[in-house]
Amino acid sequence: MTTDRQTRSVAGTVYADGRPRIINIKGIRMDAEFGPSMLYVTNRDKPGFVGRFATLLAGAGINIATFHLGREQAGGDAIALVEIDGTMPPDVLAEVQRIPNVQQVKTLRF
């Protein structure tokens, strides 16, 4: 998709099990199933993100159901698609945004 501001791409597939999956976002390979409540996080690929992110969610009582990662290269742009149980409170979303190297975080509902 191309707009006045940017170009974005997302690719998906359906495997033999019949369940759709996202296999590429903005040129970053991954293999993620859809869940009813998910987070889309873009960040710089630096040590500590996964630990801080998981600790923050656990402290807020939010369970991670699935966690899918992809990166363009070591130290470059990375994407996490994370299925969570329940919904993401806005205050916790704001805390995730403040984790070092996080560029953006958005909630997704399917």
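**Exercise 1. Is F53 buried, partly exposed or exposed, and what is its relative accessible area? Determine also how F53 pairs with F67.**

*Solution.* The model is a predicted one, in which local features need pLDDT of at least 70 and side-chain atom pairs count only at pLDDT 80 or more, while totals for chains, interfaces and linings use all residues. Residues are numbered from 1 along each chain as its sequence is written, and side-chain values use heavy atoms, with hydrogens and water left out.

Step 1. The classes are buried (under 20% relative accessible area), exposed (over 50%) and partly exposed (in between), computed with a 1.4 Å probe on protein chains only. F53 has a relative accessible area of 0% and is buried. F67, at 27%, is partly exposed.

Step 2. Rings of Phe, Tyr and Trp (its six-membered ring) pair if their centres lie within 6.5 Å; planes under 30 degrees apart are stacked, those over 60 are edge-to-face, and the rest are tilted. F53 and F67 are 5.7 Å apart centre to centre, with 75 degrees between the planes, and form an edge-to-face pair.

Step 3. Helices (H or I, at least four residues) and strands (E, at least two) are DSSP runs numbered from the N terminus. Because F53 belongs to helix 1 and F67 to strand 5 (residues 64-71), their pair ties together parts that are 14 residues apart in sequence.

Step 4. Ring pairs join F49, F53 and F67 in a cluster. The structure holds three aromatic pairs.

**Exercise 2. Describe the sheet of three strands and its edges.**

*Solution.* Step 1. Two strands pair if DSSP finds at least two bridges between them. The sheet is open, has the order 1-2-3 and is paired antiparallel.

Step 2. Strand 1 (10-14) and strand 3 (28-33) are at the edges with a single partner strand each, so one side of each has no neighbour in the sheet.

Step 3. Axes are lines fitted to C-alpha atoms, for helices over the stretch in contact, and angles run from 0 to 180 degrees between N-to-C directions. From one strand to the next, the twist averages 25 degrees.

Step 4. Strand 2 (residues 20-25) is joined to strand 3 by four bridges, in antiparallel fashion. N24 is placed opposite R29 of strand 3.

**Exercise 3. Establish the strand order of the four-stranded sheet, and state which helices lie on it.**

*Solution.* Step 1. The order of this open sheet is 5-6-4-7, with antiparallel pairing. Strand 5 and strand 7 are the edge strands, each pairing on one side only.

Step 2. Direction ignored, neighbouring strands here are turned by 15 degrees against each other on average.

Step 3. Seven bridges connect strand 4 and strand 7 in the antiparallel sense; M38 has L108 in strand 7 as its bridge partner.

Step 4. Contact means heavy atoms within 4.5 Å. Helix 1 lies across strand 4, strand 5, strand 6 and strand 7, at about 160 degrees to strand 5. Helix 2 packs on the sheet, touching strand 4 and strand 7, and its direction makes about 150 degrees with that of strand 7.

**Exercise 4. Which residues have the most contacts inside the largest nonpolar core?**

*Solution.* Step 1. A nonpolar core is a set of buried Ala, Val, Leu, Ile, Met, Phe, Trp, Tyr and Cys residues joined through side-chain atoms within 4.5 Å. The largest has 16 residues, and L39, V41, F53, L57, M88 and V96 have the most contacts inside it.

Step 2. Two or more residues come from each of strand 4 (37-44), helix 1 (49-59), strand 6 (77-84), helix 2 (90-97) and strand 7 (102-109). Helix 1 supplies the largest share, four residues.

Step 3. Not counting residues up to four places away in sequence, M88 touches L39, L57, I62, L93, V96 and T107. Another core, of nine residues, lies apart from the largest one and includes I25, I28, A32 and L81.

**Exercise 5. Characterise the surroundings of S37 and N43 in strand 4.**

*Solution.* Step 1. S37 is buried, at 5% relative accessible area. N43 is also buried, at 3%.

Step 2. A polar atom of the S37 side chain lies 2.7 Å from the backbone oxygen of G86.

Step 3. Excluding residues up to four places away in sequence, S37 touches V82, E83, I84, G86, T87, L108 and R109. With neighbours within four places in sequence left aside, N43 is in contact with F49, G76, D77, A78, I79, N101, V102 and Q103.

Methods. A polar contact is a pair of N or O atoms within 3.5 Å; within protein, one must be able to donate a hydrogen and the other to accept it, and residues adjacent in sequence count only if both atoms are side-chain atoms.
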